[in-house]
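Here is a friendly note to read alongside the sequence and the 3D view. Please keep both open as you go.

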Amino acid sequence: MPQVNGRFVPDMKSPRTADNEEPAAERACDFRPVDKGFTKEMALAEAERCMDCKKPLCVEGCPVNINIPKFIEKIREEDFGGALDIIREESMLPAICGRVCPQENQCEGKCVRGKKSEPVAIGQLERFVGDQPELASKPKMAPKNGKKVAVVGSGPSGITCAGELARNGFDVTVFEAFFTGGGVLVYGIPEFRLPKAVVKREIDGLEELGVKFEYNSVVGNIATADELFEKGFDAIYVATGAGLPKFLNIPGENLPNVFFANEYLTRVNLMKANNFPEYDTPTKHGKNVVVFGGGNVAMDAVRTAKRLGAERAIIAYRRTEDEMPARRAELHHAKAEGVEVMPLVSPLEFVAGEDGTVCAVKVQKMELGEPDESGRRRPVPIEGAIEEIPCDVAISAIGTNANPFAKKIGGKMELNKWGYIVADEETGQTTDPRIWAGGDIVTGAATVILAMGAGKKAAASITKAAAEGQI
């Protein structure tokens, strides 16, 4: 390790370590992980690039404030368990975040080295140590405080809050509507991006901390907030997510083989429709598939369709590639795997074939006008420019709305006009003093790490409320 006067000197000439990916033509045929992760040698080489800044802006870019230079320093020292311990002080899910977080807009986007060259591959380094959980120290556990908390939903926000509370001495029970834990991590993100075994490993780790999971339990149906309080819970954290699909509201949307992305991905990711009839959940394996949307969910859906045998897989988006909200890496991977991007089109109508199933979609060609309230240029229809695209599967991935279960949970929580829970931005506390909420059911669809940050803030607030005798 190069040093001057006892201080580490970064390797300023070394380029960023390339990702360790499977060949595109091979991986597009099955659900193997696209990225194999860094080897030890790759991780050490990349760690040498970190400048160990006096003012680490990368930490400011991390929604859970991981001490990034410190864990990278431990990697340089080949103390991988120590690196993982540092990460776990702030984040319980490093193997997940290292794979799916948009580092380019967060920690790596703030990396000082990235201003003149390429940023340090922080996400890859986090994943490298996160994939070695056996090296970590046992987490420090506070004495039991006699307080019980119900966490509703086992997605990234819910399990982060549960883990933090368990470490702070609470008795925690997570109520999950599905038959397994992980929420969007298991039903929404495909195996080729996030293996389910990685999520299960993190859930198992929470159980080792004493967190209890009750599956097939839809709070709002099995019990309301008031009934949970009557059963002895002192506080509730609501993290149900925002999984209600947005409709395109065009003719033919209800035709067979027109899917919402959530349904399509859940069938494949969680219910193993890709292995039908070994598993009894079917889905249509289209040869010509069109996916509407430009975010990560749209990329997941179209890349899944490609792996299910689509000969032509299209992402149709009403703006251009530059305006797509998807991670650049996901767009790059999709195109490398043979996905076709069709920009500046908006769906008008799904067309039925002779058998009654979708056979084509009519689209309106667009051009970009003035920027809208989001700062992106508004798509404007080109008069008379209509095209028909053949397809035997169409998938809508234009976003989601608030999960309606929030209203059914009850209590004195205030909901806004869109059905999202109103909660304090810093603490997650709702208008009901015994209920906290966070993640997508508060913010709308966002990233895994932002949901985790909300869970962490809520856990700190609940811990403070318990210490002050407020719950």
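The numbered points below go through the sheets, one helix and the cysteines.

1. A word on the source: this is a predicted model. Please keep that in mind for each point that follows.

2. Let us begin with the parallel sheet. It is an open sheet of 5 strands, paired in parallel and arranged in the order 5-4-3-6-17. Strand 5 (212-214) and strand 17 (435-437) are at its edges; each has a single partner strand, so one side of each is left without a neighbour in the sheet. On average, neighbouring strands here are turned by 20° against each other, direction ignored.

3. Within that sheet, have a look at strand 3 (residues 148-152) and strand 4 (residues 171-175), which pair in the parallel sense over 5 bridges. If you would like one pair to find on screen, K148 has D171 in strand 4 as its bridge partner. Helix 9 (residues 156-167) lies across strand 3, strand 4, strand 5 and strand 6 (235-238). Relative to strand 4, helix 9 runs at about 165°.

4. Strand 4 also contains T173. Is T173 buried or exposed? Its relative accessible area is 5%, and residues under 20% count as buried, so T173 is buried. Leaving aside neighbours within four places in sequence, T173 is in contact with V149, A150 and V151, as well as with K212, E214 and F233.

5. Next comes the antiparallel sheet. This open sheet has 3 strands in the order 12-13-14, and its pairing is antiparallel. Strand 12 and strand 14 (377-390) are the edge strands, each pairing on one side only. From one strand to the next, the twist averages 15°. As general background, strands of a sheet pair through backbone hydrogen bonds, either parallel or antiparallel.

6. The two pairings of this sheet are worth tracing in turn. Strand 12 (residues 345-352) pairs with strand 13 (residues 358-371) over 7 bridges in the antiparallel sense, and S346 stands opposite Q364 in strand 13. The hairpin of strand 12 and strand 13 has 5 residues between the strands, and there G356 takes a positive phi near 90°. Strand 13 and strand 14 pair over 9 bridges, again in the antiparallel sense. For a landmark, V363 stands opposite E387 in strand 14.

7. Helix 4 (residues 68-76) makes a nice example of a helix with a buried side. Its buried residues are I68, P69, F71, I72, I75 and R76. They cover an arc of only 165° around the axis, which puts them on the same side of helix 4. At the N-terminal end, N67 caps helix 4, with a side-chain oxygen 3.2 Å from the backbone nitrogen of K70. Just after helix 4, E78 takes a positive phi of about 60°.

8. Finally, the cysteines. How many disulfides does the structure hold? There are 0 disulfides. A disulfide is a covalent bond between the sulfur atoms of two cysteines. For C391, the closest cysteine sulfur is in C359, at 7.4 Å; the cut-off is 2.5 Å, so this is too far for a bond. C391 counts as buried because its relative accessibility is 3%, whereas C29 counts as exposed, at 59% relative accessibility.

How values were computed
Residues are numbered from 1 along each chain as its sequence is written. This is a predicted model: local features need pLDDT of at least 70, side-chain atom pairs count only at pLDDT 80 or more; totals for chains, interfaces and linings use all residues. Side-chain values use heavy atoms; hydrogens and water are left out. Two strands pair if DSSP finds at least two bridges between them. Helices (H or I, at least four residues) and strands (E, at least two) are DSSP runs, numbered from the N terminus. Axes are lines fitted to C-alpha atoms, for helices over the stretch in contact, and angles run from 0 to 180 degrees between N-to-C directions. Contact means heavy atoms within 4.5 Å. Buried means under 20% relative accessible area, exposed over 50%, partly exposed in between (1.4 Å probe, protein chains only). The arc is that of the directions from the helix axis to the C-beta atoms. A polar contact is a pair of N or O atoms within 3.5 Å; within protein, one must be able to donate a hydrogen and the other to accept it, and residues adjacent in sequence count only if both atoms are side-chain atoms.
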